[in-house]
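Visitor: Hi! I have a structure open and I'd like to talk through its charged side chains and surface patches. Could you help me out?

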Amino acid sequence: MISSLHNEKVKALMALMNKPRERKERGLFICEGPKVYLEAVKAGLVDSVYVSDSFRGRNDDIAPEAEIMSDDVFEKVSGTVTPQGVLTVTKMPEYTLEGLLSGKYKGDRPKDTLNLIILEDVRDPGNIGTIIRTAEGAGMDAVIMSQGCVDVFNPKVVRSTMGTIFRMPFIYVKDFQGTLDELQKAGTRLYAAYLPGSEDYRAVSNEDYAKKGVIIGNEANGLTRETAEKADVRVRIPMDGKVESLNAAVAASLLMYEIRRSRA
């Protein structure tokens with residue numbers, strides 16, 4: 001049993017939890033909980049597993065290959081108020097824009113569509129995680145993110161995806177503007193969530209385009225003007241009262257489900 005915070009494996013786990021560079025260099029990240037462990041197993045991405053002593057005492061059949069940690073060490077590594085008892089070190093899923101455009105990740109989704117949620121410099125981990133999770137529910141094909149977005153392998157993001165991180169394709173792109181150009185050349189119609197001079201968001205479903213991408217901007221500053229001007233349509237979500245804007249994840253969810261409705 002691992003019972004010391006000075007154990008080398010514990011130090012490595014703490015580094016993966018807290019350091020984006022460590023995650024990137026090793027190509028590994030940590031997910032928590034028995035359900036997410038099972039998702040990682042299905043995806044074939046498990047590197048190693050750790051369980052708390054009390055969890056193993058209650059569960060003999062989950063992650064039998066796991067190393068056991070004392071409860072106090074496990075709690076320190078987990079960093080959550082109520083740890084679920086399982087930590088899985090997981091290999092990072094890998095997706096490419098080329099694979100997306102070729103239909104490689106379509107699965108059982110409609111072959112004649114390409115529906116995307118595109119994020120420019122979205123920084124809040126909870127927003128990114130919620131958007132990825134909602135994207136699967138709305139039947140989107142992928143989440144595309146600028147380099148300025150928060151690290152999707154941040155533990156807070158991973159927790160908020162509730163396992164969707166293993167099922168929903170996501171791609172970081174270095175040349176964000178160039179990627180938008182490439183998507184448009186491939187026939188994707190881009191809808192930017194942008195208040196100035198924008199149409200009602202239901203314009204997304206009023207136009208019969210099979211390939212649609214919704215662009216959501218930074219929580220504080222919204223979309224850059226360059227991105228907004230590149231979009232085919234700039235849309236807004238009507239609001240009552242004195243509210244100026246919606247949370248990024250809420251706005252993204254409304255627009256993604258409007259695309260889902262338009263497909264139906």
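Visitor: How many salt bridges does the count come to?

Guide: The count comes to 13 salt bridges. Keep in mind that this is a predicted model.

Visitor: Why would side chains pair up like that?

Guide: Side chains of opposite charge can pair when their charged atoms come close.

Visitor: Okay, which residue does Glu 8 meet in a salt bridge?

Guide: Glu 8 meets Lys 11, with 3.5 Å from N to O. Both sit in helix α1, which covers residues 8-18, and because they are three residues apart there, about one helical turn separates them.

Visitor: Are those two buried or exposed?

Guide: Glu 8 is exposed, with a relative accessible area of 58%. Lys 11 is partly exposed, at 41%.

Visitor: And what does Lys 9 pair with?

Guide: Lys 9 forms a salt bridge with Glu 67, at 2.4 Å from N to O. That pair links distant parts of the chain, since Lys 9 is in helix α1 and Glu 67 is in strand β3 (residues 67-69), 58 residues apart. Lys 9 is partly exposed at 39% relative accessible area, and Glu 67 is partly exposed too, at 30%.

Visitor: Switching to Asp 141: where does it lie?

Guide: Asp 141 lies in the loop between α7 (125-137) and β6 (142-146). Its relative accessible area is 2%, so Asp 141 counts as buried.

Visitor: Which side chains does Asp 141 contact?

Guide: Its side chain makes a polar contact of 3.0 Å with the side chain of Lys 106, and another of 2.8 Å with the side chain of Arg 109. Arg 109 and Asp 141 also form a salt bridge. Arg 109 is in the loop between α6 (97-101) and β5 (114-119), while Asp 141 is in the loop between α7 and β6, so the pair ties together parts 32 residues apart in sequence. Arg 109 counts as buried, at 18% relative accessibility.

Visitor: Let's move to the surface. Which residues form the negative patch?

Guide: Asp 53, Asp 71, Asp 72 and Glu 75 form it. Helix α5 (residues 71-78) gives the most, with three residues. One residue in that helix is Asp 71, which is partly exposed at 36% relative accessibility.

Visitor: What about the nonpolar patch, which residues form that?

Guide: That patch is made by Val 243, Leu 246, Val 250 and Leu 254, with about 290 Å² of accessible area together. Val 243 is in the loop between β11 (233-236) and α12 (248-263), and it is partly exposed, with a relative accessible area of 47%.

Key
Residues numbered from 1 in each chain as written. Predicted model: local features only at pLDDT ≥ 70, side-chain atom pairs only at ≥ 80, totals over all residues. Heavy atoms only, no water. Patch = residues over 30% accessible without salt bridge, like charges linked within 9 Å, V, L, I, M, F, W, Y side chains within 5 Å. Areas by Shrake-Rupley, 256 points an atom, 1.4 Å probe, with all protein chains shown as cover. Salt bridge = Lys/Arg side-chain N within 4 Å of Asp/Glu carboxyl O. Lys, Arg positive; Asp, Glu negative; His and termini not counted. Charge placed at Lys NZ, Arg CZ, Asp CG, Glu CD. Helix = DSSP H or I, 4+ residues; strand = E, 2+ residues; numbered from the N terminus. Buried < 20%, exposed > 50% of the residue type's maximum accessible area, 1.4 Å probe, protein only. Polar contact = N/O pair within 3.5 Å; in protein donor to acceptor, adjacent residues only side chain to side chain.
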